[in-house]
Amino acid sequence: MSIPYKKMAVAKDKKVALVAHDNKKRDLVEWAKYNKVLLAHHTVYATGTTGTLLEKELGIDIVKLQSGPLGGDQQIGSKIVDGDIDFLIFFWDPLEPVPHDPDVKALLRMAVVWNIPMACNRASADFIISSPLMDQEYDRLVPDYDAYRNRAIP
């Protein structure tokens, strides 16, 4: 069964979530410093430690949530569900197991479920941040889950 879509207006200034595992924080900070001018007019959210590092290095306000293992990944996921995050940049470490792996998978899943752009490495982050869509309004198609919500439960 195909899921229908509906349009959701995304403003010119975006709401960006930046997340990084410990071994990738330095990479994310370097990427953000390089793209500081592009990020500065958007609202930037980040999980705890990453947000503190970014705010210090960039000198711009960051909306800091909890650290990932303390629920920050789930807070970002909740904001995605509520339409409060327009795209996610999550530099995760594929070679290092993390104790909160189920939270990480849930966050990535929410980005896919709600059809928001997501970058998991520097190259994909470069493509997203440099897209002409970053600085204009955009009608994002979001799945219409009404049939799922209203399904008969035996």
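## Contacts along the chain

Two residues are said to be in contact when heavy atoms of theirs lie within 4.5 Å. In this predicted model, if one takes the contacts between residues at least 6 apart in sequence, 75% of them join residues at least 24 apart.

## Fold and overall form

The protein is built from 7 helices and 7 strands, and a reader who follows the sequence meets them in the pattern β-β-α-α-β-α-β-α-β-α-β-α-β-α. Its radius of gyration is 16 Å, close to the 15 Å that the globule rule gives for 154 residues, and the protein is therefore as compact as a globular protein of that length. Taken along the principal axes, the box that the C-alpha atoms fill is roughly 50 × 40 × 25 Å.

## Surface and charge

Of the 154 residues in the protein, 42% are buried, while the area that the protein exposes comes to about 8800 Å², with 55% of it supplied by carbon and sulfur atoms. The side chains include 19 that are positive and 21 that are negative, and the centres of these two sets lie 1 Å apart.

## Aromatic pairs

A search of the whole structure finds 2 aromatic pairs. In one of them, the rings of tryptophan 114 and tyrosine 145 have centres 5.3 Å apart and planes at 80°, so this pair is edge-to-face, as planes over 60 degrees apart are counted. The pair links distant parts of the chain, 31 residues apart: tryptophan 114 lies in the loop between α5 (101-113) and β6 (118-119), and tyrosine 145 in the loop between β7 (138-143) and α7 (146-149). Both tryptophan 114 and tyrosine 145 are buried.

Note on methods: Residues numbered from 1 in each chain as written. Predicted model: local features only at pLDDT ≥ 70, side-chain atom pairs only at ≥ 80, totals over all residues. Heavy atoms only, no water. Helix = DSSP H or I, 4+ residues; strand = E, 2+ residues; numbered from the N terminus. Rg over C-alpha atoms; globule rule 2.2 N^0.38 Å. Buried < 20%, exposed > 50% of the residue type's maximum accessible area, 1.4 Å probe, protein only. Areas by Shrake-Rupley, 256 points an atom, 1.4 Å probe, with all protein chains shown as cover. Lys, Arg positive; Asp, Glu negative; His and termini not counted. Charge placed at Lys NZ, Arg CZ, Asp CG, Glu CD. Phe/Tyr/Trp six-rings, centres within 6.5 Å; stacked < 30°, edge-to-face > 60°.
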